[in-house]
Amino acid sequence: MNFYSKFFLNSILSIVPLHCYRNLTPKNQKEPILDLSNVEWESDVPINLSSNWEFYWNELLEPSDFQTLSLVSVPVVDFRPWTNLEITKEIFPAKGFATYRKKVKVQKKSDPIHLELYFSHLYTASKVYINGKLEVEKGKVSLDESQIDPDRTNTSIHIESNQEELEIVLQIANMSFYHGGPRSEFLIASPKQMLLFKSKSLLVEIFVFGLIFGSALYHLFFYFINRKQRSFLFFAFVCITFLIRIPFLNSKSYELFFPVLSFDFQTNLLHYVNIATFLFSISFLSELFKPYNYPYVRYTFYIGAFFACFTPLTPVSIQHYLNLIYIIVYLVLFLIFSIFLLIKYRNEAQGFYFMAMGLFSLAVFCFLAISLNYYGVQGGLYLIIGYLFYVVFQSASLSQYFAFAIESRANIEMRLHKESLNALSKQRAEMQLMVHDQLGANLTDLKVYVERLISGLNKSLKETFGLENINQRVVSIIQSLRNQLLYIEDLNLIFENFVTGIQLTLLRRYSDVGREFEFVPSDEFVSYFSQIRITSKNQSHFLNIFYMLYEVCTNDIKYGKGESIWNLHYSNGEFLIHQKNLIRNSELIEQVNPELKSIKQRLVQLRGRLHVQIEAGIYELRIYFPEDRSIHF
């Protein structure tokens, strides 16, 4: 690996440290035998042995071979794929095999010691010898290309020894992947500290998995409640593809629940998951920006997915290259298209900043993970963190987007309702003018004409033609017309201020019959109705209350006398209408109950009840009904 690559990797890993282990100092790295005899193994974090490995290209050496092998000109390399090594300007091909060797002094005297080695999957089959003993073989290592069997599992090796030094010999063979050799960290620690390291890494994965799983369920349920919001469905599917991928990254936690899967099966599975991720992601963007249609971009993703489905059928020598190219090309295309939509429609895109932060996080961590994996460093944890940031920010963006959609729809409904009320008000005003100008004018002319006839005729002729009765009838009709016009005005006032509208309506009716009227609403009653907006959804509820009180007033006018007292209360979600007046005679008991029939019908719709009491010539009516919880303030 050249200087710039090392600088890039060291910079990134120092800026974004996610792993809980210790790297060696440059002084320790240059020692021919790494001296770790001063390490307190039971308390110290795992140590990364990824530097200064002896490298034997195109050889599969046994531990016994090093007894007679000349080690004068042995190249020393980092624990990275040999495809990234440059030794005397020689570039090594991906296909091939090699042996890596390292010596580590783990204690100062020969006492029993228990240690553990841990490293992630290599490219692509490996054997590990510790102090001359074969400890583990992953896949099948062979000099025969046709016999090499790749493996994609992490490795843990428990070492119980009483020697001061450990000789680690690692054989690696690759015939299928675009990289060959080791990768990531080679850690050594006590079993206790190694378990702690693995647990921390696994806890991060579980935490991220749980958050993304919760987000997927939330958006799925939300879609089932509101089927028109298909963007929530596609985003849930994107989250599900992340969930499928997480157990195969970093700690390979899927092995806790399922048998170990072959290298080829895992490669193909993750490739098809990548295809699904891109398809659901572009569908998500298309739904989110539905008014702005870009079919050619969608077709580009569909065509790419179609051809990518056949890459597992290609020779393994190029299959992994094609998979990598597909990921990079369509990830870049998705990010560019997303940024284009956000910038061009930033005024319409609600949750713009959350979406931008999600895309930025996804881009940084995805390309970081891809770069690290390409250079042979474990990038799975960075990719998992990228998924987390993207899902969190995108969920916040969707929530803001939907909140804005609900608010916009509510505003539209309110504007439509106001327009309908204005139209209805204009229609009523025009009807009033028409009735007043035409019918009212004609009735007034008739009244004037009859009065002239009466003034010009003698008493006998007046009685013969009944002109006095006709005149009284005309006056009564004019008064009735006037009352109806005032009633329409009262209805208009009801929609503007409910309590004031009721008070003026009742006051006008009592004034017409020459009775006094006392209207006393409580502060809670006035406050409740002052916060209510009458819309098309709750209009019938308010009209039921209005007509019910109108009927109470009518009964009072028919059978009552003197001052009428009205007290209106609201408490704990229930209304009380208390009306009291004098009655004309005690026989009214038998007459009032039938007159309450229409009031009872209204109360059925209001889910209320009433109580009537007549005592000492005083009539009292109490009406109870609950508030309508469906009404929104």
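Where is the place of Phe289? In this predicted model, Phe289 sits in the loop that runs between helix 5 (263-288) and helix 6 (295-308). Being in a loop does not leave this side chain out in the open: Phe289 is buried, with a relative accessible area of 5%. Leu341 is 52 residues away from Phe289 along the chain, yet the two C-alpha atoms are separated by 7.9 Å. Phe289 also turns up in the largest nonpolar core, as one of the residues that touch the most other members.

That core is worth a look in its own right. It counts 57 residues, and besides Phe289 the members with the most contacts to other members are Ile212, Phe284, Phe334, Tyr387 and Tyr390. Two or more residues each come from helix 3 (191-225), helix 4, helix 5, helix 6, helix 7, helix 8 and helix 9. Helix 9 puts in the most, with ten residues. Apart from this core lies another one, made of 35 residues, with Phe55, Val136, Leu166 and Phe186 among them.

Next, the annotated segments. UniProt, in an unreviewed entry, places the feature "transmembrane region" at residues 202-225, 232-249, 269-289, 301-318, 324-343, 352-375 and 381-406. Two of these stretches can be checked against the model's own geometry. Over residues 269-289 the chain is 95% helix and 0% strand, with 30 Å between the end C-alpha atoms. Phe289, the loop residue from the opening, is the last position of that annotated range. Residues 324-343 come out as 100% helix and 0% strand, and here the end C-alpha atoms are 29 Å apart.

Then there is the empty space. The structure holds five cavities of 30 Å³ or more, and the largest has a volume of about 900 Å³. A total of 38 residues line this largest cavity, and those nearest its centre are Leu270, Asn274, Ile327, Asn373 and Leu383. The elements giving two or more residues to the lining are helix 4 (230-245), helix 5, helix 7 (316-344), helix 8 (352-374) and helix 9 (380-456). Helix 5 contributes the most, with eight residues. Sorted by class, the lining has 22 nonpolar, twelve polar and four charged residues. Helix 9, then, gives the most to the largest core, while helix 5 gives the most to the lining of the largest cavity.

How many disulfides does the structure hold? The count is zero. As for individual cysteines, Cys239 counts as buried at 0% relative accessibility, and Cys553 is buried too, with a relative accessible area of 0%.

A few backbone details stand out along the chain. A cis peptide bond joins Tyr123 and Thr124, with omega at about 0 degrees. Thr124 is found in the loop between strand 7 (113-119) and strand 8 (125-130). Positive phi values in residues other than glycine also appear. Asn250 has a phi near 60 degrees and belongs to the loop between helix 4 and helix 5. Arg607 likewise has a positive phi, of about 60 degrees, although it is not a glycine, and its place is the loop between helix 16 (597-606) and strand 16 (609-615). Which of these two is buried and which is exposed? Asn250 counts as buried because its relative accessibility is 7%, under the 20% limit. Arg607 is exposed because its relative accessible area, 56%, is over 50%.

Two further residues fill out the picture toward the later part of the chain. Arg533 lies in the loop between helix 13 (523-530) and helix 14 (539-559). Its relative accessible area is 46%, so Arg533 falls in between the two limits and is partly exposed. The C-alpha atom of Arg533 is separated by 9.3 Å from that of Asn497, a residue 36 positions away along the chain. Tyr559, for its part, is in helix 14. At 18% relative accessibility, Tyr559 counts as buried, the limit being under 20%. Tyr559 and Tyr619 are 60 residues apart in sequence, and their C-alpha atoms are 9.6 Å apart in space.

Terms used:
Residues numbered from 1 in each chain as written. Predicted model: local features only at pLDDT ≥ 70, side-chain atom pairs only at ≥ 80, totals over all residues. Heavy atoms only, no water. Helix = DSSP H or I, 4+ residues; strand = E, 2+ residues; numbered from the N terminus. Buried < 20%, exposed > 50% of the residue type's maximum accessible area, 1.4 Å probe, protein only. Disulfide = S-S within 2.5 Å. 1 Å grid on protein atoms, 1.4 Å probe; cavity = no way out; pocket = protein on both sides within 12 Å on 5 of 7 lines; lining within 4 Å. Points joined across faces, edges and corners; volume = space filled by probe spheres on them. Nonpolar A, V, L, I, M, F, W, Y, C, P; charged D, E, K, R; others polar. UniProt positions renumbered as here; feature names shortened; annotations may be inferred. Core = buried A, V, L, I, M, F, W, Y, C linked by side-chain atoms within 4.5 Å.
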